[in-house]
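Visitor: Please take me through one part of this model in close detail. I would like to start from a single residue and work outwards.

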Amino acid sequence: MRSLVLMSALAATLSVAEAAQERYVNARFGYSICVPAGLVGQAESANGDGQRFDAADGATLIVYASHNALEESLADQRASMIARLGSASYQSGGNDWFVVSGRSGETIYYARATLRGGVFTSFEFTYPHAAAARWDAAARELSRCFRAR
């Protein structure tokens, strides 16, 4: 009986967490991502390539896509991201994607990029180290629910 109550409580918690998210779908490039509760959209960019979402505590999610006009490799894109965001403590990847995460000063970042059909589709999630208890799980969830065309 006790395990049934715990399972019910867990299911209710997951349902509340899932309901609190919204899904951003980009019409121009056809990608989508779950936006964690507490992040507020700042309007689609003028050229329709993505959007920025901000939280009151300083967390930011930026999602975007671009044609690979410079014919960069995934390795080039990864190096560019790390140079901009800070040294990576974790890196992983596959044939058409990579993920990097790390910490720069008091900011934690988690970023992912996919290269398919000549289009880079990416997200960058940054948040204050002081808010890690709130955002660490959200960072992992972003990668799971990110869908590139």
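Guide: This is a predicted model. Start at Thr-114. Beyond its neighbours within four places in sequence, Thr-114 is in contact with Asp-96, Trp-97, Val-119, Phe-120, Thr-121, Phe-146 and Ala-148. Thr-114 sits in strand E8, residues 107–116. Its relative accessibility is 2%, so Thr-114 counts as buried, because buried means under 20%.

Now the sheet around E8. Seven strands form an open sheet in the order E3-E4-E5-E9-E8-E7-E6, with antiparallel pairing. Strands E3 (40–44) and E6 (88–93) stand at the edges. Each has a single partner strand, so one side of each lacks a neighbour in the sheet. From one strand to the next, the twist averages 15 degrees. At the E3 edge, E3 and E4 (residues 50–54) pair in the antiparallel sense over three bridges. There, Glu-44 stands opposite Gln-51 in E4.

Two helices lie across E8. Helix H2 (residues 74–85) lies across E5, E6, E7, E8 and E9, at about 15 degrees to E7. Helix H3 lies across E5, E8 and E9, at about 170 degrees to E9.

Look closer at H3. Its buried residues are Ala-132, Trp-135, Ala-138, Ala-139, Leu-142, Ser-143 and Cys-145. They cover an arc of only 165 degrees around the axis, which puts them on the same side of H3. The buried residues of H3 pack against E1 (22–25), E2 (32–35), E5, E8 and E9. The face turned away from that buried side carries exposed Ala-133, Arg-140 and Arg-144.

Technical notes
Residues numbered from 1 in each chain as written. Predicted model: local features only at pLDDT ≥ 70, side-chain atom pairs only at ≥ 80, totals over all residues. Heavy atoms only, no water. Helix = DSSP H or I, 4+ residues; strand = E, 2+ residues; numbered from the N terminus. Buried < 20%, exposed > 50% of the residue type's maximum accessible area, 1.4 Å probe, protein only. Contact = heavy atoms within 4.5 Å. Arc of directions from axis to C-beta. Pairing = 2+ DSSP bridges. Axes fitted to C-alpha atoms, helices over the stretch in contact; angles between N-to-C directions.
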